[in-house]
Amino acid sequence: MMTSSSTSRGAAIRLARCAKTFADGTRALEPLDLSIEAGETLVLLGPSGCGKTTTLRIIAGLEAPDAGGTVTFDGVDVTRLPIEKRHVGMVFQSYALFPNMSVVENVAYGLRVRGIAKAERLRSAAEVLEMMRIAPLAARRIDQLSGGQRQRVALARALAVRPRAILLDEPLTALDAALREHLRTEIDALLRSLAITAIYVTHDQAEALALGDRIVVMRQGAIAQIGTPREVYFQPADAFVAGFVGTTNRLDGSRRDGRFETAAGAIAHAGADSAKTALAFRPESARICRPEEAPLRFTVTQVHFLGPRQRVVLTAGDTRIIVEAGPQEPLFVGDVVGLILDPSCLVPI
Ligand SMILES: Nc1ncnc2c1ncn2[C@@H]1O[C@H](COP(=O)(O)OP(=O)(O)OP(=O)(O)O)[C@@H](O)[C@H]1O
């Protein structure tokens, strides 16, 4: 959900020509332009070292961009403002909570340093604890909490100061898979109900697809693609994005007489860029059928039963692809099957 700045208390954030070269000469970011709408959840996704955290730290005011780069909040230049003047909340993978303080003291801390009176701080902190559903833990010490509870406290602390944006750097990475998925759903609901501008760093593509209004896929300090989760998933800009987001199959071939010839057979593929010699597609864009029903033929080499569906590995010559099938479909290693591809989901790469 995106809301306009007039209805959201979140800031619209804009980075213009923000590059970053560290003192040791490491070039972490190429000059980068990025606009984040008020109330939007923008996810920065990419492999380790691609510049996600550096981008987040520039937005937070923990890092200055190289000369010439600017950061604006609602059109106001904040490039030279330190973090405490930007009114942003931050949540990290390591909780960075004060272990010797209680939950409520941790959450009220940011209000205390802002000089808010005690009664008011405690009232605001209680409200945020209620929202995060951890009010019963208010008096506990941090070392008496589970990982998931600590991360809720960290979120509550970041939100208590009513920030103009919340910046989250891999907040769920330290948690186990089930808890990660649960908290991801909660964070999604929370960010949407608050309509706060949120920038969320992750290298987990499932998290990015689930949380982002838009996803920025980064590679080596530059933006590889910006788009909605559906755009990035179904129309990846290049082979890097296709490979990084979701499972992608690659079908190599050559073009002759308007047809695309592969090791598995030839298909018609109109409108494709003739210079490209491979097609990418997602497992769910293909359907297994009887061999006589489709021009592409493969041999089943592995079948994984996953409960609601089967993951099936198919080969033809050197081509190896992964597709999905219903749980009841009788598929056995060694079977020869046909494959029907949804033409609208084929991406030339
Ligand atoms: N203070 C620093 N001095 C020198 N190089 C740095 C510094 N901080 C980060 N870098 C380098 O800048 C590049 C980008 O780092 P950054 O932390 O932004 O990547 P990232 O995408 O967040 O990675 P990860 O997912 O591993 O956290 C990396 O090559 C990193 O080693």
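**Stop 1: the ligand**

The shell of residues around the ligand is made up of 3 nonpolar, 8 polar and 2 charged residues. Here Ala, Val, Leu, Ile, Met, Phe, Trp, Tyr, Cys and Pro count as nonpolar, Asp, Glu, Lys and Arg as charged, and the others, Gly among them, as polar. The model is a predicted one, in which local features need pLDDT of at least 70, side-chain atom pairs count only at pLDDT 80 or more, and totals for chains, interfaces and linings use all residues. Residue numbers start from 1 along each chain as its sequence is written.

Select the ligand and then the residues around it: there are 13, and the closest are Phe22, Ala28, Ser48, Thr53 and Thr54. A residue counts as near the ligand if its C-beta atom, placed from the backbone, lies within 6 Å of it. Next select helix α1, residues 52-60, which supplies the largest share of this shell, 3 residues. Helices (H or I, at least four residues) and strands (E, at least two) are DSSP runs, numbered from the N terminus.

**Stop 2: the whole protein**

Zoom out. The protein has 8 helices and 21 strands. Its C-alpha atoms fill a box of roughly 75 × 45 × 40 Å along the principal axes. Of its 349 residues, 39% count as buried. A residue is buried if 20 or more other C-beta atoms lie within 10 Å of its own, exposed if 12 or fewer, and partly exposed in between, with C-beta atoms placed from the backbone.

**Stop 3: helix α3**

Select residues 118-131, which form helix α3. At 1.5 Å a residue, its 14 residues should span 20 Å, and the end C-alpha atoms are 20 Å apart, which agrees. The expected span is 1.5 Å times one less than the number of residues.

Which residues of α3 are buried? They are Arg121, Ala125, Val128 and Leu129. Seen down the axis of α3, the buried residues fall within an arc of 100 degrees, so they line one face of the helix. That arc is taken over the directions from the helix axis to the C-beta atoms. On the other side of α3, Ala119, Glu120 and Glu130 are exposed.

Now add α2 (103-113) and α4 (147-160) to the selection, since the tour goes there next: the buried residues of α3 pack against both. Packing is judged by contact, meaning that the C-beta atoms of two residues, placed from the backbone, lie within 7 Å. After α3 comes Arg133, which has a positive phi, near 60 degrees.

**Stop 4: helix α4**

In α4, 11 of the 14 residues are buried, so the helix is largely enclosed by the rest of the structure. Among the buried ones are Arg150, Val153, Leu155 and Ala160. To view the surroundings, show β6 (88-92), α2, α3, β7 and α5 (177-194), against which the buried residues of α4 pack. Arg162 follows α4 and has a positive phi near 50 degrees.

**Stop 5: Leu168**

From β7 (residues 165-169), pick Leu168. Leu168 is buried, with 27 other C-beta atoms within 10 Å. Leaving out residues up to four places away in sequence, Leu168 touches Val91, Ala198, Tyr200 and Val201. Draw a distance to Gln93 as well: Leu168 and Gln93 are 75 residues apart in sequence but 8.3 Å apart in space, C-alpha to C-alpha.

**Stop 6: strands β3, β9 and β10**

Select β3 (residues 41-45) and β9 (residues 214-219), which run parallel and are joined by 4 bridges. Strands pair if DSSP finds at least two bridges between them. The bridge partner of Leu42 in β9 is Arg214.

Add β10 (residues 222-227), which pairs with β9 in the antiparallel sense over 5 bridges. Val217 has Gln225 of β10 as its bridge partner. The hairpin of β9 and β10 has 2 residues between the strands, and Gln220 takes a positive phi near 45 degrees there.

**Stop 7: an open sheet**

The last selection is an open sheet of 3 strands in the order β11-β15-β21, with antiparallel pairing. Its edge strands, β11 and β21 (347-348), each pair on one side only.

In β11 (residues 249-252) the side chains alternate: Asn249 and Leu251 point to one face and are buried, while Arg250 and Asp252 point to the other and are not. Strand β15 (residues 278-281) is joined to β11 by 4 bridges, and its Phe281 stands opposite Asn249. Between β15 and β21 there are 2 bridges, and Leu279 has Pro348 in β21 as its bridge partner.
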